[in-house]
Amino acid sequence: MNNDTLFARAKESIPGGVNSPVRAFGSVGGTPRFLVKASGAYVTDADGTEYVDLVGSWGPAILGHAQPDVVRAVQDAAALGLSFGASTPAETELAELVKSRVVAGGISPIEKIRLVSTGTEATMTAIRLARGYTGRDLLVKFAGHYHGHSDGLLAQAGSGLATLALPGSAGVTEATAGQTLVLPYNDIDALRLVFEERGDQIAAVITEAAAANMGVLAPLPGFNAALVELAHEHGALVILDEVLTGFRVSASGYWGLSVTEGPAYQPDLFTFGKVIGGGMPLAALGGRAEIMDYLAPAGPVYQAGTLSGNPVAVAAGIATLERATADVYARLDAASVTLSNAVSDAFSREGVEHVVQRAGNLFSFVFAAEAPKNYVDVQAQEAWRYAPFFHAMLDGGVSLPPSVFEAWFVSAVHDDVVLGRIIDVLPAAARAAAAAQPV
C-alpha cells in the first residue's frame, strides 16, 4: 500500500491517522509519509521513495539510523528477554554513564538518576519531585517551551501546539492550569517580578536548556545562570529540560556548552530523553542526591513504571552514548554549520527574509528580519513560507521536520555526499519559499 492508502486506513482506526500530532502534516498540508525503513542518513517510505532525513526521529539518531553496533546491542538484549519488571545491572551502568558525561566547569550536578520511559514522564516526575521537596505548589514555565503533554504544561507550549495554533488543551482543568505561571522567555525582569510577588509559593522554574520546540531559540547570554541564581534566592528549584538538547549538542548537553562559554550555573534537576535511549522509549531525570532521594522508595514522592529501565531500551542507550565521541560531535557540528549556511545562502539569493537560529548543532529558520527573543517574536514570522519550501524539499528527496516550529537534526553520517544531495535541492525550494503567499 502507498502513503495515501495507508493514511486513509490509519484514520479509520487512529485519531487523525497518527499517534503524535505533528506527523499529520497539519501545518504543511499533504499526505504524511509512512516510513518503512531507515539506514544511515536515509529513510524510505511505503512508496519505496528514499529521502535524506533531517528529522532523525526527533534527535536520537545521532549516529545515524540503524547504526550496526546499536542494533546489535538491541538484538543481544532482546534475545535475553524483552522486559523483566525487575532491576537489571545495565540500569546502573547507564546511570553511571550519564553521571560521568554531565560534567563541566568543575561541576558535577547529577548524583542520582531515575530512569523512566518518555520525556513527558521525566518532566512530570521532576515537577512532582520539586513540589514534594519544597512543599510549594506553583510552577513557572516560559511561553513557547514544551515539556511534554502532562496537565498544566500545555499553555503556550510551542512545537505541536504551535503547529495546531492552540493556546492549550481541552481536558486540563482551570485548577491545574492555575498552578502554572507562564512568562515570556529571555525576560529575567518578568521572572524577578513573579518571584517578588509569589516567591514563597513557587516550587520550581522549568526551562528548556535551549528552546527547541518553537524553532530553535537559545537563551540570551547569562539568562540561564541568572534564572538559577534568582530561583535559589527564593528557595525554588530549577528543572533544566534537556530532553532534546541532552547528549545531542555536546557530551554534556547544552548545559555543558553554556557552562564553558559563560557563567557557571547549577540546576537542581535535569530531564533527558531522545539520545539517552538511542531511539528506544527511554528517558530520565537526575540531580542532587538530597533531592532525588525524595523519590519512592527512598522518600515520599511516588513514581513507578513497569517498563522503566527496560533492558532493550537501556542497551540501545548505552551503545549510543558510548559511541557519541568527540569525533561524532565534531562531525555533527560541522554538518550543522555547512547545511544551515547553505540554506541561508539559498534564501538570501532569492530575497527571502530569514534568520538562522542555532543552539549548538541544532538549528532552524525564522522567516523574519530580526532574530526573535521569545515566543511572540517567533509567532510573528512569515510562517506561511515554510510549507512550499518543505514540499519542494520533499519532492527533491529531502525529509524536513513538517513544521516551521521544529528543530532540524543532522547525524554523524551526514557527510559531504549526503549534504550535497540536500544542497542540490535548495535553489528550487528557496524559490518556492520566495513565491509563497499568505494563506
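Leaving aside its neighbours within four places in sequence, which residues is Asn361 in contact with? Before selecting anything, keep in mind that the structure on the screen is a predicted model.

**First stop: Asn361**

Select Asn361, which you will find in the loop between strand E11 (355-359) and strand E12 (362-366). If you now display its surroundings and disregard the residues within four places in sequence, the contacts of Asn361 are Arg248, Val249, Leu332, Asp333, Ser336 and Trp408. Two of these partners deserve a look at the level of atoms: the side chain of Asn361 reaches the backbone oxygen of Arg248 at 3.0 Å, and a polar contact of 3.3 Å joins the side chain of Asn361 to that of Asp333. Asn361 has a relative accessibility of 0%, and because buried means under 20%, Asn361 counts as buried.

**Second stop: helices H12 and H15**

Next, select helix H12 (residues 326-349) together with helix H15 (residues 416-435), whose axes are 8 Å apart and pack at an angle of about 30°. Angles under 35 degrees count as roughly parallel, and H12 and H15 are therefore described in that way. If you turn the view to look across the pair, the crossing in which H12 passes H15 is right-handed. On the side of H12, show Ala335, Thr338, Leu339, Ala342, Val343, Ala346 and Phe347, which meet Leu419, Ile422, Ile423, Leu426, Ala430 and Ala433 in H15. Sorted by class, this contact of H12 with H15 holds 12 nonpolar residues, 1 polar residue and no charged ones.

**Third stop: helix H14 against H15**

Keep H15 on display and add helix H14 (residues 386-395), whose axis comes within 8 Å of the axis of H15 and crosses it at roughly 150°. The crossing of H14 and H15 is right-handed. From H14, the residues to show are Pro388, Phe389, Ala392 and Met393, while H15 contributes Ile422, Val425, Leu426, Ala428, Ala429, Ala430, Ala432 and Ala433. By class, the contact of H14 with H15 has 12 nonpolar residues, with no polar and no charged ones.

**Fourth stop: His414**

Now move to His414, in the loop between strand E13 (398-399) and H15. Is His414 buried or exposed? With a relative accessible area of 7%, His414 is buried. Its side chain reaches the backbone oxygen of Asp53 at 2.8 Å, and it also makes a polar contact of 2.9 Å with the side chain of Ser411. Leaving aside neighbours within four places in sequence, the residues in contact with His414 include Ala335, which you have already shown in H12, as well as Leu419 and Ile422, which you have already shown in H15.

**Fifth stop: helices H3 and H11**

Select helix H3 (residues 89-101) and helix H11 (residues 311-323), which pack at an angle of about 30° with their axes 10 Å apart. H3 and H11 are therefore roughly parallel to each other, and their crossing is left-handed. The contact joins Ala90, Glu91, Glu93, Leu94, Leu97, Val98 and Arg101 of H3 to Val314, Gly317, Ile318, Leu321 and Glu322 of H11. These residues divide into 7 nonpolar, 1 polar and 4 charged.

**Last stop: Ile202**

Finally, select Ile202 in strand E7 (residues 202-208), which is buried, with a relative accessible area of 0%. Not counting residues up to four places away in sequence, Ile202 touches Arg136, Leu138, Val140, Val194, Phe195 and Ala236.

Key
Residues numbered from 1 in each chain as written. Predicted model: local features only at pLDDT ≥ 70, side-chain atom pairs only at ≥ 80, totals over all residues. Heavy atoms only, no water. Axes fitted to C-alpha atoms, helices over the stretch in contact; angles between N-to-C directions. Helix = DSSP H or I, 4+ residues; strand = E, 2+ residues; numbered from the N terminus. Parallel < 35°, antiparallel > 145°, perpendicular 65-115°, else oblique. Left-handed = near helix turned anticlockwise from the far one by under 90°. Contact = heavy atoms within 4.5 Å. Nonpolar A, V, L, I, M, F, W, Y, C, P; charged D, E, K, R; others polar. Buried < 20%, exposed > 50% of the residue type's maximum accessible area, 1.4 Å probe, protein only. Polar contact = N/O pair within 3.5 Å; in protein donor to acceptor, adjacent residues only side chain to side chain.
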